[in-house]
Amino acid sequence: MATERIASLADYGLDPIDETDVPDESTKKKHEVDSKKAREQKLFDLRMKANAGRKHNYQEVSEEDRRSKEPAGAEAKRERDAYQKQKEDDEQRMREEGLDPDKERLLNQSSAEAEWRAKKAKRSDASFGWEQFNTDAEYNSYERRVKSSAQVDAALYDKQREELGADSFYAAPHTNLAYGTTPDVPQSRVDAMADELAKQVAKRGTFSRRRERIEGEYQYHISERNRVYNKKLERAFGKYTTEIRQNLERGTAL
């Protein structure tokens, strides 16, 4: 019977059954234990991922709640403080290395950053209070006056350079000024300077610095301290109380 069964399996292209290929009870139990451990490990990994996600969500919610309770500008202040601390640390390191922090900062500054800083300085409003008469304002005023009034005569320029010589024409620390030997200034240039000075005198007559308060504006305050306080109230609640204030001023409030 066994021989016929083996032959019949061979006829169908099947391998004869080997009794050794059948797993015994210990092998089955080991396979079940390994499978159980794999499932337990997978479940453990899933639980750890869920715990990590829960912890991350809690941290984000706590951070968002902290930011909502902070005053306005707190985040920007922390960034500025961190930047300032990093800057001070870099300057201290440069001093320890015997370097000049200002020169190193300028050497490492890109052209785009230098151009941005120059434009920012140019845009800064210097027309308020004492800033009207600082060094930059005086230099800019001089440049405008020279550009509007001075017209360089190339022929006269070359002639005076030839008469005085390069050493005397281009002033240097060792140059002899030779008072009283310079050529006469043309009358046209004297007249141009006089006209420019007259324009400056006329301009000063109409000059007025920007004031903190607009003249003729209705005053809601009784003292300087009250004025500052009213400005803070207007900044915080002005958009909510504008209509009420207008009704009270017109006398149409209920």
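These legends describe close-up views of one predicted protein model.

**Figure 1. The whole chain is helical in its assigned elements, with ten helices and zero strands.** Along the sequence the pattern reads α-α-α-α-α-α-α-α-α-α. The chain has 254 residues, and buried residues make up 5% of them. About 23,400 Å² is exposed, and carbon and sulfur atoms supply 54% of that area. Among contacts with a separation of 6 or more, 35% join residues 24 or more positions apart.

**Figure 2. Confidence is lowest in helix 1 and highest in helix 3.** Helix 1 covers residues 2–11 and has a mean pLDDT of 49. Helix 3 reaches a mean of 88. Over residues 1–7, pLDDT stays under 50. For that stretch the model has two contacts beyond four places in sequence. Across the protein chain the average pLDDT is 76, and 72% of the residues score at least 70.

**Figure 3. Lys69 and Asp65 form a salt bridge within helix 2.** The closest N and O atoms are 3.2 Å apart. Helix 2 spans residues 25–69. The two partners sit four residues apart, about one turn of the helix. An α-helix has 3.6 residues a turn, so residues three or four places apart point the same way. Lys69 counts as exposed because its relative accessibility is 66%, and exposed means over 50%. Asp65, at 38%, counts as partly exposed. By the rule used here, the count for the model comes to 13 salt bridges.

**Figure 4. Asp81 and Lys77 meet through their side chains in helix 3.** Their salt bridge has an N to O distance of 3.1 Å. Helix 3 runs over residues 74–96. The partners are separated by about one helical turn, because they lie four residues apart in this helix. Asp81 is partly exposed, with a relative accessible area of 42%. Lys77 is also partly exposed, at 46%.

**Figure 5. Helix 6 lies largely in the open.** This helix takes in residues 135–149, a run of 15 residues. From its first C-alpha to its last it reaches 21 Å. That is close to the 21 Å expected at 1.5 Å a residue. The number of buried residues in helix 6 is one of 15, so the helix is largely in the open.

**Figure 6. Asp158 and Arg161 form a salt bridge in helix 7.** Helix 7 covers residues 154–164. The two residues are three places apart, about one turn of the helix. Their closest N and O atoms lie 3.2 Å apart. Asp158 counts as partly exposed, with 32% relative accessibility. Arg161 is partly exposed as well, at 31%.

**Figure 7. Four residues form a nonpolar patch on the surface.** The members are Val185, Val190, Met193 and Leu197. Together they have about 350 Å² of accessible area. Val190 has its place in helix 9, which spans residues 187–205. Val190 is partly exposed, because its relative accessible area of 32% falls between the 20% limit for buried and the 50% limit for exposed.

Notes. Residues are numbered from 1 along each chain as its sequence is written. This is a predicted model: local features need pLDDT of at least 70, side-chain atom pairs count only at pLDDT 80 or more; totals for chains, interfaces and linings use all residues. Side-chain values use heavy atoms; hydrogens and water are left out. Patches are made of residues with over 30% relative accessible area and no salt bridge: like charges are joined within 9 Å, nonpolar side chains (Val, Leu, Ile, Met, Phe, Trp, Tyr) within 5 Å. Accessible areas come from the Shrake-Rupley method with a 1.4 Å probe; for residues, only the protein chains shown count as cover. Buried means under 20% relative accessible area, exposed over 50%, partly exposed in between (1.4 Å probe, protein chains only). The expected span of a helix is 1.5 Å times one less than its number of residues. Contact means heavy atoms within 4.5 Å. pLDDT is the predictor's confidence in each residue, from 0 to 100.
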